[in-house]
Amino acid sequence: MRGWLRYFTLNAQVRTGVSGGVLLWALIAAAAAVVAAGFLLVAAFVWLADRYDSLTAGVVLGCAFALIALIALLACLMIRRRNMERARLELAARSSTSWLDPKLVAVGVQIGQAIGWRRLASLAALAVLAGGLTKEWSARAKPAEDDAAEDDDDSGSEG
């Protein structure tokens, strides 16, 4: 059961890249952005009211919180990208598991003897057909995902 749960968790991380670290930095970025907006609004108010000394303090504090928000956002994006890559590598390692394990072959022979080789051959042909259809459908959906990944890479390198 734990293996399946880990598999689904890794698949979700490949697609979204979300983890505890990403959520934490996203919350810090959101809080800092709200505080930055508040200070910038206070700075605008002070500028309209006094026009000098209080303005400098408000702008400095607003810029400081905006910088904190930017740093937190960049950290969030870097952690997300690292999570996605780590999950991809772990899924690739899991998928390369050998199906020719002697224990699995022995179980297959026992199943073949119990069910009958003719029935088992027709089930195997059906499984191969289903696998081929799945591969074809996933290949059709993959270019759209690749385009989205390239868009993410392009937007990440501009910042």
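**Figure 1. Glu 90 and its partner on helix α3.** Glu 90 is partly exposed in this predicted model, and its relative accessible area is 28%. Its side chain meets that of Arg 86 in a salt bridge, with 3.9 Å from N to O. That value falls inside the 4 Å cut-off used for salt bridges. Arg 86 is partly exposed as well, with a relative accessible area of 35%. Both Glu 90 and Arg 86 belong to helix α3, where four residues, or about one turn of the helix, set them apart.

**Figure 2. Arg 88 and Glu 85, also paired on helix α3.** Here the side chains of Arg 88 and Glu 85 form a salt bridge at 3.4 Å, N to O. The two residues sit three residues apart, about one turn of the helix, within α3 (residues 53-95). How accessible is Arg 88? Its relative accessible area is 39%, so Arg 88 is partly exposed. Glu 85 has 40% relative accessibility and likewise counts as partly exposed. If you are tallying these pairs as you go, the count of salt bridges comes to two.

**Figure 3. Helix α1 and its two sides.** Helix α1 covers residues 2-16, which makes 15 residues. From its first C-alpha to its last it reaches 21 Å, close to the 21 Å expected at 1.5 Å a residue. Which residues of α1 are buried? They are Leu 10, Asn 11, Gln 13 and Val 14. Looking down the axis of α1, you will find these buried residues within an arc of 160 degrees, so they line one face of the helix. Turn to the other side of α1 and the exposed residues are Arg 2, Trp 4, Leu 5, Phe 8 and Arg 15. Just after the helix comes Gly 17, whose phi is positive, at about 75 degrees.

**Figure 4. A closer look at Gln 13.** Gln 13 is part of helix α1. Is this residue buried or exposed? With a relative accessibility of 9%, Gln 13 counts as buried; the cut-off for that label is under 20%. Setting aside neighbours within four places in sequence, Gln 13 is in contact with Val 18, Ser 19, Asn 83, Met 84, Arg 86 and Ala 87. One of these contacts, Arg 86, takes part in the salt bridge with Glu 90. Gln 13 can also be compared with Arg 80: 67 residues separate them in sequence, while their C-alpha atoms are 8.6 Å apart in space.

**Figure 5. Asn 83, seen from helix α3.** Asn 83 lies in helix α3 and counts as buried, at 8% relative accessibility. Which residues does Asn 83 touch, not counting those up to four places away in sequence? They are Gln 13, Gly 17, Val 18, Ser 19 and Val 22. Gly 17 in that list is the residue with the positive phi just after α1.

**Figure 6. A nonpolar patch on the surface.** The patch is formed by Val 107, Ile 111, Ile 115, Leu 123, Leu 126, Leu 129, Leu 133 and Trp 137. Together these residues have about 760 Å² of accessible area. Two elements each give two or more residues to the patch, namely α4 (102-115) and α5 (117-158). The largest share, five residues, comes from α5. Leu 123 has its place in helix α5 and is partly exposed, with a relative accessible area of 46%.

**Figure 7. Helix α4 and the glycine that follows.** Helix α4 has 14 residues, which should span 20 Å at 1.5 Å a residue. The C-alpha atoms at its ends are 20 Å apart, so the span agrees with that expectation. Just after α4, Gly 116 takes a positive phi of about 110 degrees.

**Figure 8. The views placed in the whole chain.** Stepping back, the protein chain has five helices and zero strands, giving the pattern α-α-α-α-α along the sequence. Of its 159 residues, 15% count as buried. The chain exposes about 12,300 Å², and carbon and sulfur atoms supply 69% of that area. Among contacts between residues at least 6 apart in sequence, 76% join residues at least 24 apart. The contact between Gln 13 and Asn 83 shown above links α1 with α3.

Notes:
Residues numbered from 1 in each chain as written. Predicted model: local features only at pLDDT ≥ 70, side-chain atom pairs only at ≥ 80, totals over all residues. Heavy atoms only, no water. Buried < 20%, exposed > 50% of the residue type's maximum accessible area, 1.4 Å probe, protein only. Contact = heavy atoms within 4.5 Å. Areas by Shrake-Rupley, 256 points an atom, 1.4 Å probe, with all protein chains shown as cover. Expected span 1.5 Å × (residues − 1). Arc of directions from axis to C-beta. Patch = residues over 30% accessible without salt bridge, like charges linked within 9 Å, V, L, I, M, F, W, Y side chains within 5 Å.
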